[in-house]
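Visitor: Could you take me through one part of this assembly in detail? I would like a close look at how one chain meets its neighbours.

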Amino acid sequence: MARVEQRLKEMGLVLPAALKPPAGRLPIAMARLVGARVFVSGHPPLNPDGTLARPLGKVGGEVSAEQAYHAARLTGLAILGSLQRALGDLDRIAAWARVFGMVNAAPGFNATPDVVNGFSDLVLELFGPEVGVHARSAIGVAELPFDIPVEIEAEVALVA
Amino acid sequence: MARVEQRLKEMGLVLPAALKPPAGRLPIAMARLVGARVFVSGHPPLNPDGTLARPLGKVGGEVSAEQAYHAARLTGLAILGSLQRALGDLDRIAAWARVFGMVNAAPGFNATPDVVNGFSDLVLELFGPEVGVHARSAIGVAELPFDIPVEIEAEVALVA
Amino acid sequence: MARVEQRLKEMGLVLPAALKPPAGRLPIAMARLVGARVFVSGHPPLNPDGTLARPLGKVGGEVSAEQAYHAARLTGLAILGSLQRALGDLDRIAAWARVFGMVNAAPGFNATPDVVNGFSDLVLELFGPEVGVHARSAIGVAELPFDIPVEIEAEVALVA
């Protein structure tokens, strides 16, 4: 069994099914393989069956900072699910390069890095510091699709 | 004649002239070629002469979702114009990698993917699914330059 | 002495120390080296000692457009500091590829390109047009960490 999949199992984590958009069309690839790079679409937090995880809403409003940290962790599992389906094996990832964390911020809520840490902590736990460390921005945006509390996009590099 | 240019002609589409900023300086490259990659600056919807297409304003406010879908399609043509000028031939594009769609959202408007579909649909029509499919985020931002309703940046990979 | 470092000295500019986050954890790399590319995390404007430069707040509100232009220039120096620590020598940079400028915009403030020009002008002065020119977006976001007025992330390519 692959190392990252083994770690997921040890940590009792399950990758969710592919996103089931609650409305509209998404004529995109959730993970786009281009040479030795994978571009990862903005993902929402998901339940195991691919539906949107609750709560929805603005962080610092309906959604607490703690709930948003957990939502960012769930977003990480959703991204790993998309990468798993695109790559077959998560051990093909040589480096997490770029992470862009978007928080659906209530006016005045700017502890956005603490929220996106839910994603970064997961990646570092699973991949270790050498592969897992990444450049990152973590900002508050005006609106996110379906009123999700957090959305994360990323770029990873594959083993040559 | 190149295949994508042929498709544009068949579809009756014309690529607009380069952006004429209505104010200020833009000391940037609208399309930056780096090796076999092109980084595409955030583009606005344009008229054929390179002026900003109307309507301006917030989507879900002064600008309807339908108008914004069309604006995203015009933004696609503006990006193709910049790529054409940078590359000479749009058939040099091997893969659309990453698309980042920013919608000037009125409070509460979160159907942002439906807006940015105007861009994605155009790229898929012109390039087909293998080259045209891309990773994407489609978010609502607080403000966009010149009060444009939508802005899109992208990264494409070139034929080796 | 390297050329860019020489230019900095001639211009009387000093690169600040690494960011000292005023709160929370940042489990990230401020500059992530992946092959011949460097992904640069979103950076704030810094004082020489790595603390956040003042003023904080929203541009078009507590922070004027002129102050924000200067903040974007300081953000550029902060990024160059991170690149210097990651690369050892700024002359290893072959091309500025992508710049993403995020302005903490007060409602109605959309002269965001003028703000981010503070960054682009600095990079062009130091690296010249061939290396320094870049693709860019410059948008207004709802909230930024620590209420900083501007945050910039980037990608650069290294000499092969």
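Guide: Happy to! In chain A, 25 residues are in contact with 24 residues of chain C, where contact means that the C-beta atoms, placed from the backbone, lie within 7 Å. This is a predicted model, in which local features need pLDDT of at least 70, side-chain atom pairs count only at pLDDT 80 or more, and totals for chains, interfaces and linings use all residues. Residues are numbered from 1 along each chain as its sequence is written, while chains are lettered from A and ligands numbered from 1 in the order in which they are written.

On the side of chain A that touches chain C, the elements giving two or more residues are strand 3 (93-104), helix 3 and strand 4 (135-141) of chain A. Helices (H or I, at least four residues) and strands (E, at least two) are DSSP runs, numbered from the N terminus. By class, this side has 14 nonpolar, seven polar and four charged residues; Ala, Val, Leu, Ile, Met, Phe, Trp, Tyr, Cys and Pro count as nonpolar, Asp, Glu, Lys and Arg as charged, and the others, Gly among them, as polar.

Now for the other neighbour. Here 24 residues of chain A are in contact with 25 residues of chain B. Strand 1 (31-34), strand 2 (37-43) and strand 5 (150-158) of chain A are the elements that give two or more residues to this side, and strand 2 of chain A supplies the largest share, four residues. The side of chain A that touches chain B has 14 nonpolar, four polar and six charged residues.

How do the copies relate? A turn of 120° and a shift of 0.0 Å along the axis lay chain A on chain C with an RMSD of 0.0 Å, which is the relation of a three-fold axis. The copies use different surfaces, as 8% of the contact residues of chain A recur in chain C. Superposition is by least squares on the C-alpha atoms of residues with pLDDT of at least 70 in both copies.

Helix 3 of chain A also has a partner within its own chain. Its axis and that of helix 2 (residues 65-87) of chain A come within 7 Å and cross at roughly 35°, with axes fitted to C-alpha atoms over the stretch in contact and angles running from 0 to 180 degrees between N-to-C directions. Among the residues making this contact are A:Ala68 and A:Tyr69 of helix 2 of chain A, and A:Val115 and A:Phe119 of helix 3 of chain A. By class, the contact has ten nonpolar, five polar and two charged residues.

Note on methods:
Contact = placed C-beta atoms within 7 Å.
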